[in-house]
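Biologist: Could we go through this model together? I would like to hear the reasoning behind each label.

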Amino acid sequence: MHLKNIRLKYFKNYDQTEVQFSPEINCFVGSNGSGKTNLLDAIHYLCLTKSAINGMDNLNVQHEKEFFTIFGDFELEGKEIEVRCIFESGKKKQLLQNGKAVEKMSEHVGLLPVVMIAPDDTQLIKDGSEERRRFFDAMLCQLSKSYMDSLVRYQHFLKQRNALIKQFAERGRWDQNYISIYDKEIINLSKEIAARRADFIKDYEPLLKEFYAEISENQEEIGITYETQCLLGNFEQEFQSMAQKDFILKRTNMGIHKDDFIFEIKGYPLKKFGSQGQQKSFVIALKLAQFQIFLQQKKTKPILLLDDVFDKLDDLRIQKLMQLVADHRFGQLFITDARPERSREILKEIAADCTFFLIEKGSLKGWNQ
Ligand SMILES: Nc1ncnc2c1ncn2[C@@H]1O[C@H](COP(=O)(O)OP(=O)(O)OP(=O)(O)O)[C@@H](O)[C@H]1O
Ligand SMILES: [Mg+2]
């Protein structure tokens, strides 16, 4: 699978731009703020219908403009797919595959798998559980439409239940009859989603260990523990017994939105005990394992977006990563770097077709091999 070209209009700092890509390595170079990451983000939009950076589509419309469009032609198993993503302020985002409107985003997410490695990814380790749930959910959604549908339903019922609890709190009275329909949905969906998360970790963890060993200097034992209350035998009773707490705190306190994934090194939490280097290696291993599991399950190499990795990683990790590139473990690759000489130096060692694009203030100033 690869992206052949992209056409942008009023997307962030791009006025109107068209670019043809190499099916192998594409390297975007240019000074800070020129628009390198924005171009990766446009590719992310085409694959996943949303930005990797700004959750709100509005923020990605060029200042003073009313809309943005991102068009791109993909090649997938010998077939051509043209994807169009159109967003107009105040309207629903539209997505079209070969001219046909896609009604549910779950019909598109997963068709064109993508993995992004970005400098602030260590938030995955350092931040709260929400970041990690988002990471694993995004991965599972790309792998399974039905997972995405269940998750969307869960989020819908959770929102409704929380709104109802707020009403109860205002009235000063809990009404079990009224809320029980939501309880049932949340309990059932929590059990289903938690079971799928647990199953997934069983497949994913060995790959994570493999990549961690490959890219880290030390071969410490690492692992992931999936923490959930939703698979306990008495989950249903526990959920019901939370009603009082829910009433006081005005929100739902049990369910898969409380789960966490604990990253461990030598049996201890990586967040507290991992060195900076160990944390960086772990993050790259998380992403490479994601790449590998997509490859295994979708039988196609995902597009890999590497944002600023040469700047943020040390020589050892760059070398390990580039070894994987040189071994042709990846498919189409997009790399950004503010320093063209450095990326040329690193990439010239690699026997692959590599195209450099020079970007200046949201416009492409040319490319060469
Ligand atoms: N909605 C928007 N409208 C216009 N310009 C925008 C919008 N959103 C972001 N920008 C501009 O995009 C530029 C940032 O682009 P980007 O993050 O792609 O830079 P970069 O080349 O990756 O830089 P760095 O090397 O620092 O990572 C900034 O100049 C910013 O002002
Ligand atoms: Mg950038």
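Biologist: Which residues come nearest to ligand 1?

Modeller: Keep in mind that this is a predicted model. There are 18 residues around ligand 1, and Asn-13, Asn-32, Lys-36, Thr-37 and Asn-38 come nearest. Helix H1, residues 36–48, gives the most to this shell, with three residues.

Biologist: What classes of residue make up the shell around ligand 1?

Modeller: The shell has twelve polar residues, three nonpolar and three charged.

Biologist: Why are helices H5 and H9 called oblique to each other?

Modeller: The axes of H5 (residues 176–215) and H9 (residues 276–298) cross at roughly 130°. Over 145 degrees would count as roughly antiparallel, and 65 to 115 as roughly perpendicular. The angle fits neither class, and H5 and H9 are therefore oblique. Their axes come within 8 Å, and H5 passes H9 in a right-handed crossing.

Biologist: Which residues of H5 meet H9?

Modeller: Among them are Tyr-204, Leu-207, Leu-208 and Phe-211 in H5, which meet a set in H9 including Phe-282, Ala-285 and Leu-288. The residues of this contact divide into 13 nonpolar, two polar and one charged.

Biologist: What makes S9 and S11 edge strands?

Modeller: The open sheet has three strands in the order S9-S10-S11, with antiparallel pairing. S9 (222–227) and S11 (268–269) each pair on one side only, which makes them the edge strands.

Biologist: How do you know that S9 and S10 pair?

Modeller: Pairing takes at least two bridges, and six join S9 to S10 (residues 260–265), so they count as paired. Thr-225 stands opposite Ile-262 in S10.

Terms used. Residues are numbered from 1 along each chain as its sequence is written. Chains are lettered from A and ligands numbered from 1 in the order in which they are written. This is a predicted model: local features need pLDDT of at least 70, side-chain atom pairs count only at pLDDT 80 or more; totals for chains, interfaces and linings use all residues. Axes are lines fitted to C-alpha atoms, for helices over the stretch in contact, and angles run from 0 to 180 degrees between N-to-C directions. Helices (H or I, at least four residues) and strands (E, at least two) are DSSP runs, numbered from the N terminus. Angles under 35 degrees count as roughly parallel, over 145 as roughly antiparallel, 65 to 115 as roughly perpendicular and the rest as oblique. A crossing is left-handed if the near helix is turned anticlockwise from the far one by less than a right angle, and right-handed if clockwise. Two residues are in contact if their C-beta atoms, placed from the backbone, lie within 7 Å. Ala, Val, Leu, Ile, Met, Phe, Trp, Tyr, Cys and Pro count as nonpolar, Asp, Glu, Lys and Arg as charged, and the others, Gly among them, as polar. A residue is near a molecule or strand if its C-beta atom, placed from the backbone, lies within 6 Å of it.
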